[in-house]
Amino acid sequence: MSDLTKLTIAAARDAMRKGDTTSAEITQACLTAIDGADALGAFVHKTPDIALAQAKAADDRIKAGDAPAMCGIPLGIKDLFCTKGVPSQAASRILQGFKPEYESTVTTQLFDAGAVMLGKLNMDEFAMGSSNETSVYGNAINPWKVDDRDLTPGGSSGGSASAVAADLCLAATGTDTGGSIRQPAAFTGITGLKPTYGRVSRWGIVAFASSLDQAGPMTKDVRDCAIMLQAMCGHDPKDSTSADLPVPNFEAALTGDIRGKTIGIPREYRLDGMPAEIAKLWDDGTAMLRDAGAKVVDISLPHTKYALPAYYVIAPAEASSNLARYDGVRFGHRAKLNAGDGITQMYENTRAEGFGAEVQRRVMVGTYVLSAGFYDAYYNRARKVRTLIKKDFDDAFAAGVDAILTPATPSAAFGIGEMADADPIKMYLNDVFTVTVNLAGLPGIAVPTGRDAQGLPLGLQLIGKPWEEAELLNVAYCLENAAGFVAKPAKWW
């Protein structure tokens, strides 16, 4: 079988069970592709020995008839997930040399299901960024290219998006704190799902903002998202925020029939100055769902305009608390000290050397909003706004809306370096359509549905009811089929 790396999870699963190919063959094809794609900067720690051993074990399970859907599927793992004995740095210098003695719950479940780890993937440092330019490894690059410009794959899960779009792996894990799965998925023409907060365990994932972080699948299509999510989900007693709820059969929910469903179009998402191509993409997606039999209604989410400022108070506040543990004492980077320097100098020098500029900025902002005299003025006020944002969604769903359709990003992928030296607010605006989903704890999915004038992929976002990933995936499946987006980047790397 040719083009093994281009297979979807579903196609690879079926081919392996028919005996048309093996996990070892697909894995080797992926490893070869990865070795030839260093220019993309997607994989930062390759694990070929682990991958081939896991592939052999998967083939044995398949032959024995004991093979879950993910068995034998080669994956890339975002560097935010702790993987036993393998560097897990969160793309930060401060965790240089850190090899965990334990496995994250998500990777444990994937490996228990027979999935194969090809290596660790690039990302923004501690998941703080929208362009993968804050990584200690250097930026990952989007496999889509225009006029010989290197484009961002988005962030923070930029390496994951780049690797899946370039067919270096069949799928990848990502995390989403304010859009870090959905934005890079839209920038690279793949599908990315952020589940309901609590649906997937956060244990063993390096924390950014604990009330917002959520892991999810990044795949080539909606069906693959459903298959991979199934293996990632489940109650975890080690995570106090993990929901003890049954996990539906997400793939079985993909009927493509959305007749009678109600799709909400939030008027507040139609921003002043929205590019015409984004507005058209949204209108076209709305028409596709209407033509499929859904009822389309205008809705109001009145507190949307406060979401971005609230997010950039809450997320840095939680980051400043979570990152306080990285001080050079127990693990990771430790600054060299001069004679007579004490522990205070060690803390200060280690954190100054170990954290990049964006992480330092957010830690300082977070520490400020949590400080005496500003806690109520900023942090508590942002928490109250968060409650109002969640209520907006609750009211819409209570009124009969089954899913909400919005743009995924305000533009197509931009060039590496184009925003790096600008006002950071300009970079933060990339999250304008996605942060509300994290603040409300809802599931959201980005689906590629079109291209801009330069041929770059554009995506739409669907937002679902809490714990209703199955219904959300089915609406996304219908949209995917209607849009028929099948373009792939031309290989240049």
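How many of the residues of helix H5, residues 158–165, are buried? I will start there, with the reminder that what we have on the screen is a predicted model.

Helix H5 is mostly covered, and the count is eight buried residues of its eight. Going along the helix, these are Gly158, Gly159, Ser160, Ala161, Ser162, Ala163, Val164 and Ala165. As for what covers them, the buried residues of H5 pack against strand S1 (43–46), strand S2 (74–78), strand S3 (116–121), strand S4 (171–175) and strand S6 (215–219), and also against helix H6 (182–188). If you follow the chain just past the end of H5, you come to Asp167, whose phi is positive, at about 60 degrees.

Let me now take one of those packing partners, strand S2, which is also mostly covered, with five of its five residues buried. In a regular strand, side chains alternate between the two faces of the sheet. In S2, Pro74, Gly76 and Lys78 point one way, while Leu75 and Ile77 point the other way, and the residues on both sides are buried, the lysine included.

Which strands does S2 pair with? With S3 the pairing is parallel and runs over five bridges, and within it Ile77 has Lys120 of S3 as its bridge partner. With S4 the pairing is parallel as well, over two bridges, and there Gly76 stands opposite Ala172. The connection from S2 to S3 also deserves a look, since S2, helix H4 (residues 105–112) and S3 together make a right-handed β-α-β unit.

Next, a single side chain: is Arg13, in helix H1, buried or exposed? Helix H1 spans residues 9–18, and Arg13 has a relative accessibility of 13%, which is under the 20% cut-off, so Arg13 counts as buried. Setting aside the neighbours within four places in sequence, Arg13 is in contact with Ala69, Ile73, Ile227 and Glu251.

Finally, let me turn to the surface, where Val329, Ile343 and Tyr347 form a nonpolar patch that has about 250 Å² of accessible area when the three are taken together. Val329 sits in the loop between helix H9 (307–322) and helix H10 (343–354). Its relative accessible area is 39%, and because that value falls between the 20% limit for buried and the 50% limit for exposed, Val329 is described as partly exposed.

Terms used:
Residues numbered from 1 in each chain as written. Predicted model: local features only at pLDDT ≥ 70, side-chain atom pairs only at ≥ 80, totals over all residues. Heavy atoms only, no water. Helix = DSSP H or I, 4+ residues; strand = E, 2+ residues; numbered from the N terminus. Buried < 20%, exposed > 50% of the residue type's maximum accessible area, 1.4 Å probe, protein only. Contact = heavy atoms within 4.5 Å. Pairing = 2+ DSSP bridges. Right-handed = clockwise from strand over helix to strand, strands pointing away. Patch = residues over 30% accessible without salt bridge, like charges linked within 9 Å, V, L, I, M, F, W, Y side chains within 5 Å. Areas by Shrake-Rupley, 256 points an atom, 1.4 Å probe, with all protein chains shown as cover. Salt bridge = Lys/Arg side-chain N within 4 Å of Asp/Glu carboxyl O.
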